[in-house]
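Here are my notes for you to read beside the model. Please keep the sequence and the structure open as you go through the points.

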Amino acid sequence: MEEPPSQTRANRESNLHMAGIEAINIARTFQTRPIEASTLTRQSFRQHVEGDSPILHIGTHGDLNHRNPLLSSISIDHG
């Protein structure tokens, strides 16, 4: 029996150990520093985005359901 999409996605998201390394490499490329948005309040995040940084990288990961493509999804990385 196949797991519900939310459980399958949760298991995959817990294994995103390379997401932090990806953020650091992108920050180095653009000579800035990464932030961990999941630790910020909505207002703090908004202030950061509206500040001096011209770059916003949002890490996403796809979950393709071959049996039922309408159950496919894109997950926003949250650390």
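1. In what order do the elements of the chain run from the N terminus on? They follow the pattern α-α-α-β-β, and the totals are 3 helices and 2 strands. Please bear in mind throughout that this is a predicted model, and that every value below is computed from it.

2. Before looking at details, consider the confidence of the prediction. The chain averages a pLDDT of 76, and 72% of the residues score at least 70. Helix 1 (residues 5–13) has the lowest confidence, with a mean of 51, whereas helix 2 has the highest, at 86. Where pLDDT is low, the predicted coordinates should not be read in detail.

3. As for the chain as a whole, buried residues account for 10% of its 79 residues. The chain exposes about 6,800 Å², of which carbon and sulfur atoms supply 54%. If we take the contacts between residues at least 6 apart in sequence, 41% of them join residues at least 24 apart.

4. Which residues make the nonpolar surface patch? Leu40, Phe45, Val49, Leu56, Ile58 and Ile76 form it, and the patch covers about 500 Å². One of these residues, Leu40, sits in the loop between helix 2 (19–29) and helix 3 (42–50); Leu40 counts as partly exposed because its relative accessible area is 32%, which falls between the limits of 20% for buried and 50% for exposed.

5. Another member of the patch, Phe45, belongs to helix 3, and its relative accessible area of 30% makes it partly exposed. Leaving aside residues up to four places away in sequence, Phe45 touches Ile35, Ala37, Leu40 and Leu56, and two of these names, Leu40 and Leu56, also appear in the patch. Phe45 and Ile35 are 10 residues apart along the chain, and their C-alpha atoms are separated by 9.4 Å.

6. The loop between helix 2 and helix 3 also holds Ala37, which is partly exposed with a relative accessible area of 36%. Ala37 and His48 are 11 residues apart in sequence, while their C-alpha atoms are 9.5 Å apart in space.

7. Is Gln31, in that loop between helix 2 and helix 3, buried or exposed? Gln31 is exposed, because its relative accessible area is 75%, and the cut-off for that word is over 50%. The backbone of Gln31 deserves a look as well, since Gln31 has a positive phi of about 50° although it is not a glycine.

8. Further along, Ile55 lies in the loop between helix 3 and strand 1, and with 34% relative accessibility it counts as partly exposed. Ile55 and Phe30 are 25 residues apart along the chain, yet 8.3 Å separates their C-alpha atoms.

9. Finally, turn to the strands. Strand 1 (residues 60–63) and strand 2 run antiparallel and are joined by 4 bridges; one of the pairings matches Thr60 with Ile76 in strand 2. In a regular strand the side chains alternate between the two faces of the sheet. Strand 2 (residues 73–76) has Ser73 and Ser75 on its covered face, and Ile74 and Ile76 on its uncovered face. Ile76 therefore links several of these points: it is a bridge partner of Thr60, it lies on the uncovered face of strand 2, and it helps to make the nonpolar patch.

Key:
Residues are numbered from 1 along each chain as its sequence is written. This is a predicted model: local features need pLDDT of at least 70, side-chain atom pairs count only at pLDDT 80 or more; totals for chains, interfaces and linings use all residues. Side-chain values use heavy atoms; hydrogens and water are left out. Buried means under 20% relative accessible area, exposed over 50%, partly exposed in between (1.4 Å probe, protein chains only). Contact means heavy atoms within 4.5 Å. Accessible areas come from the Shrake-Rupley method with a 1.4 Å probe; for residues, only the protein chains shown count as cover. Patches are made of residues with over 30% relative accessible area and no salt bridge: like charges are joined within 9 Å, nonpolar side chains (Val, Leu, Ile, Met, Phe, Trp, Tyr) within 5 Å. A salt bridge is a side-chain nitrogen of Lys or Arg within 4 Å of a carboxyl oxygen of Asp or Glu. Two strands pair if DSSP finds at least two bridges between them. pLDDT is the predictor's confidence in each residue, from 0 to 100.
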